[in-house]
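Biologist: Please take a close look at one part of this model, the pairing of its strands, and tell me how that part is set within the whole. I would like the reasoning spelled out with care, along with any places elsewhere in the chain that deserve a separate look.

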Amino acid sequence: MNYLVTALYIAAFALFILGLSGLTGPKTAVRGNLIAAAGMGLAVVATLIKVRDTATVNWVLIVVGLVLGVVLGVPPAKKTKMTAMPQLVALFNGVGGGTVALIAWAEFIETDGFGHFTPDQSPTVALVVGSLFAAIIGSVSFWGSLVAYLKLQESIPKNVEKALVRSAKVFQTSNVVLLLGAIATAAYIGLHAGTGNPLWLIVVVLVLAGIMGLFVVFPIGGADMPVVISLLNALTGLSAAAAGLALNNTAMIVAGMIVGASGSILTNLMAVAMNRSIPAIVFGSFGAGGDTAAVAGGEQGTAKSTSAADAAIQMAYANQVIVVPGYGLAVAQAQHAVKDMAAILESKGVEVKYAIHPVAGRMPGHMNVLLAEADVAYDAMKEMDDVNGEFSRTDVTLVIGANDVTNPAARNDPSSPIHGMPILNVDESKSVIVLKRSMSSGYAGIENPLFFLNHTSMLFGDAKKSVGEVIEELKAL
């Protein structure tokens with residue numbers, strides 16, 4: 001039976017890697033996700049076979065846990081709108097970190113504070129170090145992910161969130177004390193392994209790490225939240241791998257390392273896409289939620305409004321139109337309307353492309369999934385590096401709810417907090433039409449000079465409604 005378990009684990013790991021490779025492109029992402037899920041299912045089966053003869057296994061609890069997981073996990077995954085997918089990812093990731101922290105706590109209790117060990121829990125060093133590492137990182141990930149969820153869900157009042165961002169230095173100093181306290185307590189526990197430790201010591205570790213998780217994410221603004229989610233996901237993976245060492249569970253070790261490695265790579269890629277280092281994001285965030293209003297007619301000049309009729313005329317007689325989707329498109333669920341508009345333009349001989357910024361929306365791939373949901377061809381979706389050279393040859397660029405990723409200050413203004421962040425070169429188009437509800441700023445909380453350029457016009461209103469009006473005008477031409 002041990003050979004069977006090993007074979008099933010190897011097959012599961014192969015499916016994990018194959019599934020992950022499928023996530024590198026939108027055409028194969030769905031299949032890759034299903035393959036990885038099948039691998040996890042196989043790993044669960046292998047683990048259940050492995051523990052079938054263990055005297056302490058309570059099958060009733062295992063079945064209850066599996067049923068609860070399905071009941072609590074499937075409905076939100078099926079019903080959550082794509083606009084809320086980032087916070088669902090944050091919540092699910094937090095649950096993973098919390099589970100790992102609970103496993104570490106359970107191991108501490110089961111061994112009477114690491115006072116005695118059973119043969120299947122050897123080597124001692126792996127159990128103690130793995131459990132303590134999992135306790136700290138898992139707790140940080142759980143509580144940090146909960147804050148990320150609340151921020152993305154906009155459940156934290158704006159004035160409170162701004163106050164938290166302004167208090168960044170206080171939180172950072174506190175985090176140093178909390179981290180040192182958690183490490184010192186964990187070290188004390190480890191040094192007294194074999195003689196037993198009181199229960200309150202592991203509680204201290206979990207509490208200190210949990211408070212640190214809260215304090216790490218509290219001051220980080222909305223502009224950096226996608227990177228934070230990815231970082232917390234990587235931490236959850238590493239904590240799961242550590243718990244796997246403690247439990248001598250190969251599946252947890254491999255799956256945790258895959259999640260940790262891929263999450264770390266993704267975090268770095270996103271940081272590069274924003275031209276910000278990971279320490280700068282964690283210790284010097286910007287953007288408190290994006291409600292700081294830009295003033296039409298201020299230092300930048302006066303923003304010009306346009307109508308659906310004018311926008312339709314400009315696009316109908318263009319050779320090429322580039323659509324730049326942002327979070328405003330996602331909120332308005334305007335992807336289907338945009339696809340219908342593009343179909344009409346293409347019937348008139350206009351070439352339509354979609355420019356996707358790496359951090360458009362609130363997580364990587366957010367815009368790709370939304371557009372694919374509306375049957376937009378994958379070939380029409382262009383990544384930033386591939387499409388930036390096209391803007392200077394584009395007659396009309398239609399920006400729908402995107403803000404910071406189109407802000408030319410990132411390229412032209414050294415004093416801007418987003419200076420150096422790679423952006424879509426929308427301002428190089430012959431004409432720019434921006435669809436927004438208002439002149440409010442994006443997550444970075446700064447004004448966008450694009451809105452005040454001579455060749456830019458603003459079409460105010462809900463994105464779906466505005467695109468619908470443009471469609472009616474196009475039909476009338």
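Modeller: A helix here is a DSSP run of H or I with at least four residues, a strand is a run of E with at least two, and both kinds are numbered from the N terminus. The model is a predicted one, and with those terms the protein has 18 helices and 6 strands.

Before turning to the strands, the overall frame should be set out. The C-alpha trace spans about 80 × 50 × 35 Å along its principal axes. A compact globule of 477 residues would have a radius of gyration near 23 Å, and the 25 Å of the protein agrees with this. Of the 477 residues, 48% are buried, where buried stands for a relative accessible area under 20%. Among contacts with a separation of 6 or more, 78% join residues that are 24 or more positions apart. The protein exposes about 21400 Å², with carbon and sulfur atoms supplying 66% of that area. Its side chains include 27 positive and 31 negative ones, and the centres of these two sets lie 3 Å apart.

Within that frame, the part you ask about can be followed from strand to strand, beginning with β1, which covers residues 320–325 and pairs with β4 in the parallel sense over 5 bridges. One position in this pairing is V324, which stands opposite V399 in β4.

Strand β4 covers residues 396–400, and 5 of its 5 residues are buried. In a regular strand the side chains alternate between the two faces of the sheet. For β4 both faces are covered, with V396, L398 and I400 buried on one side and T397 and V399 buried on the other. Strand β4 is also joined to β5 by 5 bridges, and these two strands run parallel. T397 has V432 as its bridge partner in β5, and V399, the residue that V324 of β1 faces, has V434 as its bridge partner in β5.

Strand β5 covers residues 431–436, and because 6 of its 6 residues are buried, β5 is largely enclosed by the rest of the structure. Here too both faces are covered: S431, I433 and L435 are buried on one side, while V432, V434 and K436 are buried on the other. K436 may catch the eye of a chemist in that list, since Lys counts as positive in the charge tally, and K436 is nevertheless among the buried residues of β5.

From β5 the pairing continues to β6, again in the parallel sense and over 5 bridges. L435 stands opposite L459 in β6, and K436 stands opposite F460 in β6. Strand β6 itself covers residues 456–460, and as 4 of its 5 residues are buried, β6 is likewise largely enclosed by the rest of the structure.

Outside this part, two backbone positions deserve a separate look. D112 has a positive phi of about 55 degrees although it is not a glycine; D112 is found in the loop between α4 (85–110) and α5 (124–152), and its relative accessibility of 49% makes it partly exposed. D375 also has a positive phi, of about 65 degrees, and is not a glycine either; D375 is placed in the loop between α15 (366–373) and β3 (381–383). The relative accessible area of D375 is 63%, so D375 counts as exposed, the cut-off for that class being over 50%.

Two helix positions complete the picture away from the paired strands. V45 is found in helix α2, residues 26–50, and is partly exposed at a relative accessible area of 41%. From V45 to A134, which is 89 residues away in sequence, the C-alpha to C-alpha distance is 24 Å. V160 is found in helix α6, residues 158–166, and is partly exposed as well, with a relative accessible area of 37%. V160 and E107 are 53 residues apart along the chain, and 38 Å separates their C-alpha atoms.

Definitions and conventions
Residues are numbered from 1 along each chain as its sequence is written. This is a predicted model: local features need pLDDT of at least 70, side-chain atom pairs count only at pLDDT 80 or more; totals for chains, interfaces and linings use all residues. Side-chain values use heavy atoms; hydrogens and water are left out. The radius of gyration is taken over C-alpha atoms; the globule rule is 2.2 Å times the number of residues to the power 0.38. Buried means under 20% relative accessible area, exposed over 50%, partly exposed in between (1.4 Å probe, protein chains only). Contact means heavy atoms within 4.5 Å. Accessible areas come from the Shrake-Rupley method with a 1.4 Å probe; for residues, only the protein chains shown count as cover. The place of a charge is taken as NZ of Lys, CZ of Arg, CG of Asp or CD of Glu. Two strands pair if DSSP finds at least two bridges between them.
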